[in-house]
Amino acid sequence: MKNLVTIDNVDMRYGGADGTLAVEGLTLHVEKGEFAAVVGPSGCGKSTLMKLVTGLHIPQKGVVTVAEERVTKPVSIVGMAFQNPTMLPWRTTLDNILLPLEVVEKHRGRLRMNRAEYVAKAEKLLETVGLKGFGSKFPWQLSGGMQQRANLCRALIHEPDLLMLDEPFGALDSFTREELWCVIRDLHFERKVTIVLVTHDLREAVFLADRIFVMSSRPGRIIEERTVPFARPRDLEIMYQKEFNDIVHELRGSIADARKAA
Amino acid sequence: MSAASKNWIKAAPWLCTIGLFVIWELAARLFGLPQYILPAPTVVFNAIVQYWPAIWKNSLQTLYTTTLGFALAVAGGLGLGILVGWSRLIYSGLYPLMVGFNAIPKVALVPILVIWFGIGTIPAVLTAFLISFFPIVVNVATGLATIEPEMEDVLRALGARKMDIMLKVGIPRSMPYFFGSLKIAITLAFVGSVIAETVAANSGLGHMMLAAQSQFNVPLVFAGLIMLAVEGIIMYAVMAWVEMRMTGWAHRGQGATA
């Protein structure tokens with residue numbers, strides 16, 4: 001299969017020539033349609049990876065390509081979601097979800113004329129994540145888990161080819177987190193979207209991803225790549241199987257080593 | 001909360017205000033304070049009735065200079081606040097200047113304004129403007145400067161320009177700060193206009209009170225004070241109302257729109 005994202009031997013340094021080196025010699029490839037997870041000790045440059053792929057940062061050395069084009073400016077075929085849902089409190093949930101359409105070049109001109117069509121699309125997305133009928137509510141009337149669901153809708157509304165998730169479930173309780181894992185799993189399955197998930201949670205990574213990249217401590221690079229063999233669709237029950245726990249255990253070992261090396 | 005205690009909370013501001021006047025009246029009578037020290041409220045109200053035409057005319061003049069100065073401050077403060085919040089460069093260039101300017105007591109500027117514009121309405125308007133301008137600028141700029149970086153990243157990754165981010169996120173986000181600052185600014189605007197009227201004017205409540213003082217007409221001085229308080233409270237209430245109307249979403253804790 002073709003690669004949607006390639007990062008080749010990339011260095012990224014913040015704050016001028018003697019600033020901190022966030023990633024060094026970073027190389028990784030994500031295939032189209034794949035679900036990739038990036039795990040690593042804290043401060044390993046996972047967020048830098050996000051910003052490199054979305055074109056918010058341009059590396060000093062090396063090449064980042066998305067959809068066979070070298071990244072030199074922000075890439076609008078990407079949707080992003082962070083741990084903090086950052087819904088705008090003065091807009092209803094539905095209007096929050098439509099926000100990217102007011103910005104993306106392809107849609108902004110069409111939005112006013114074809115609003116009904118876009119609203120229908122947003123409502124369908126809301127239904128997919130289990131928020132049917134909540135579009136008219138304001139975000140602060142929703143619980144944390146519901147806001148994060150809405151956040152996912154906002155990341156998906158412009159039908160991105162690539163979804164970048166930066167610890168989107170980090171602030172949620174474990175039951176809500178499991179529910180949202182299933183939401184993401186189903187979205188990935190139905191929409192054939194490529195997903196890169198940055199996370200601290202190894203169980204989350206193993207449950208969701210096809211391939212897991214382990215990053216070293218700062219300056220970050222990939223020290224291990226691991227394919228997850230479980231067939232899809234996966235059920236939450238697999239998390240209680242021995243094979244699953246073995247993978248989690250091994251990954252934990254790698255990260256512990258990476259931390260020690262720092 | 002029980003209905004009775006809710007009623008008490010509603011009644012409390014009225015009870016306290018009435019209580020203050022009652023204590024004032026009793027104190028003035030019991031201690032036999034002369035009118036030129038502290039006139040009793042009834043005496044002050046008599047003065048308001050007696051001098052009503054003059055009080056009304058001067059109150060309108062003060063209200064006029066204050067609101068005009070305030071309106072200029074709103075327009076200028078909003079504009080400069082957006083400019084300062086927009087760019088780090090403009091911020092670092094202008095901020096020290098604004099701080100220095102704000103540090104000057106505005107009463108010290110009145111003589112200069114008089115040299116430039118003569119005695120009358122204009123110095124009062126300008127003093128009100130100068131004194132109420134700064135809190136608006138600072139608040140608008142703060143609102144713009146505190147956009148969540150994640151929000152900016154989400155939009156920039158989609159190809160948003162600075163203008164998009166300002167219009168969709170920055171300006172709506174700074175509106176609660178802006179409307180909040182209006183309450184402070186209108187109160188300060190009264191300070192400015194009355195200062196200028198006291199120093200350099202032929203009309204207005206400040207001028208009237210100064211004239212009354214020189215004639216030892218202390219009840220009229222207090223009448224002026226009461227009128228200033230009434231005008232200040234009314235304008236403050238208007239600003240608070242506007243704030244609730246425009247940015248109810250920011251006051252959701254009090255169940256405003258929820």
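This briefing walks through two protein chains, A and B, and the places where they meet.

The model is a predicted one. Chain B is built from ten helices and zero strands, whereas chain A holds an open sheet of six strands and an open sheet of four strands. The chains touch each other: 23 residues of chain A are in contact with 18 residues of chain B. Let's take the parts in turn.

**The six-stranded sheet of chain A**

- If you step across this open sheet of chain A, you meet the strands in the order β6-β7-β8-β3-β9-β10. Their pairing is mixed.
- Strands β6 and β10 of chain A stand at the edges with a single partner strand each, so one side of each has no neighbour in the sheet.
- On average, neighbouring strands of this sheet are turned by 15 degrees against each other, with direction ignored.
- Look at the pair formed by β6(A) and strand β7 (residues 162-166) of chain A: the two run in the parallel sense and share five bridges. A:Ala81, for example, has A:Leu165 in β7(A) as its bridge partner.
- As general background, the strands of a sheet pair through backbone hydrogen bonds, either parallel or antiparallel.

**The four-stranded sheet of chain A**

- Here the order is β2-β1-β4-β5 in chain A, and the pairing is antiparallel.
- The edge strands are β2 (21-31) and β5 of chain A, each of which pairs on one side only.
- Strand β1 (residues 3-13) of chain A and β2(A) are joined in the antiparallel sense by seven bridges. To find one of these places, start at A:Met12 and look for its bridge partner in β2(A), A:Val23.

**Helices that lie across the sheets**

- Helix α1 (residues 46-54) of chain A lies across β3 (35-39), β6, β7, β8 (194-198) and β9 of chain A, and it runs at about 155 degrees to β7(A).
- α1(A) also lies across β1, β2 and β4 (61-66) of chain A, where it runs at about 120 degrees to β1(A).
- Helix α5 (residues 144-156) of chain A lies across β6 and β7 of chain A, at about 160 degrees to β6(A).

**Two loop residues of chain A**

- A:Thr72 lies in the loop between β5 (69-70) and β6 of chain A. A:Thr72 is exposed, because it has 9 other C-beta atoms within 10 Å and a residue counts as exposed at 12 or fewer.
- The C-alpha atoms of A:Thr72 and A:Leu56 are separated by 8.9 Å, although these residues are 16 residues apart along the chain.
- A:Ser217 is found in the loop between β9 (211-215) and β10 (222-227) of chain A. With 19 other C-beta atoms within 10 Å, A:Ser217 is partly exposed.
- A:Ser217 and A:Lys260 are 43 residues apart along the chain, and 9.0 Å separate their C-alpha atoms.

**What the record says about chain A**

- An unreviewed UniProt entry annotates residues 5-242 of chain A as "domain: ABC transporter".
- Over residues 5-242, chain A is 30% helix and 25% strand, and the end C-alpha atoms are 32 Å apart.

**Chain B**

- The C-alpha atoms of chain B fill a box of roughly 75 × 60 × 25 Å along the principal axes. Of the 258 residues of chain B, 36% count as buried.
- Among contacts in chain B between residues at least 6 apart in sequence, 76% join residues at least 24 apart.
- The domain assignment splits chain B into domain 1 (12-43) and domain 2 (51-249). The centres of these two domains of chain B are 32 Å apart, taken over C-alpha atoms.
- Four residues of domain 1 of chain B are in contact with four residues of domain 2 of chain B. On the domain 1 side, three of the touching residues are nonpolar, one is polar and none is charged.
- An unreviewed UniProt entry gives "transmembrane region" for residues 12-31, 63-86, 176-196 and 216-242 of chain B. Residues 12-31 of chain B are 95% helix, with end C-alpha atoms 28 Å apart. Residues 63-86 of chain B are 100% helix, with end C-alpha atoms 34 Å apart.

**Where the chains meet**

- Which element supplies the largest share of the side of chain A that touches chain B? Strand β6 (residues 78-82) of chain A does, with three residues.
- By class, this side of chain A has 15 nonpolar, six polar and two charged residues.

Methods. Residues are numbered from 1 along each chain as its sequence is written. Chains are lettered from A and ligands numbered from 1 in the order in which they are written. This is a predicted model: local features need pLDDT of at least 70, side-chain atom pairs count only at pLDDT 80 or more; totals for chains, interfaces and linings use all residues. Domain bounds come from an automatic or database domain assignment. Two residues are in contact if their C-beta atoms, placed from the backbone, lie within 7 Å. Ala, Val, Leu, Ile, Met, Phe, Trp, Tyr, Cys and Pro count as nonpolar, Asp, Glu, Lys and Arg as charged, and the others, Gly among them, as polar. UniProt positions are given in the numbering used here, feature names are shortened, and annotations may be inferred rather than shown by experiment. A residue is buried if 20 or more other C-beta atoms lie within 10 Å of its own, exposed if 12 or fewer, and partly exposed in between; C-beta atoms are placed from the backbone. Two strands pair if DSSP finds at least two bridges between them. Axes are lines fitted to C-alpha atoms, for helices over the stretch in contact, and angles run from 0 to 180 degrees between N-to-C directions.
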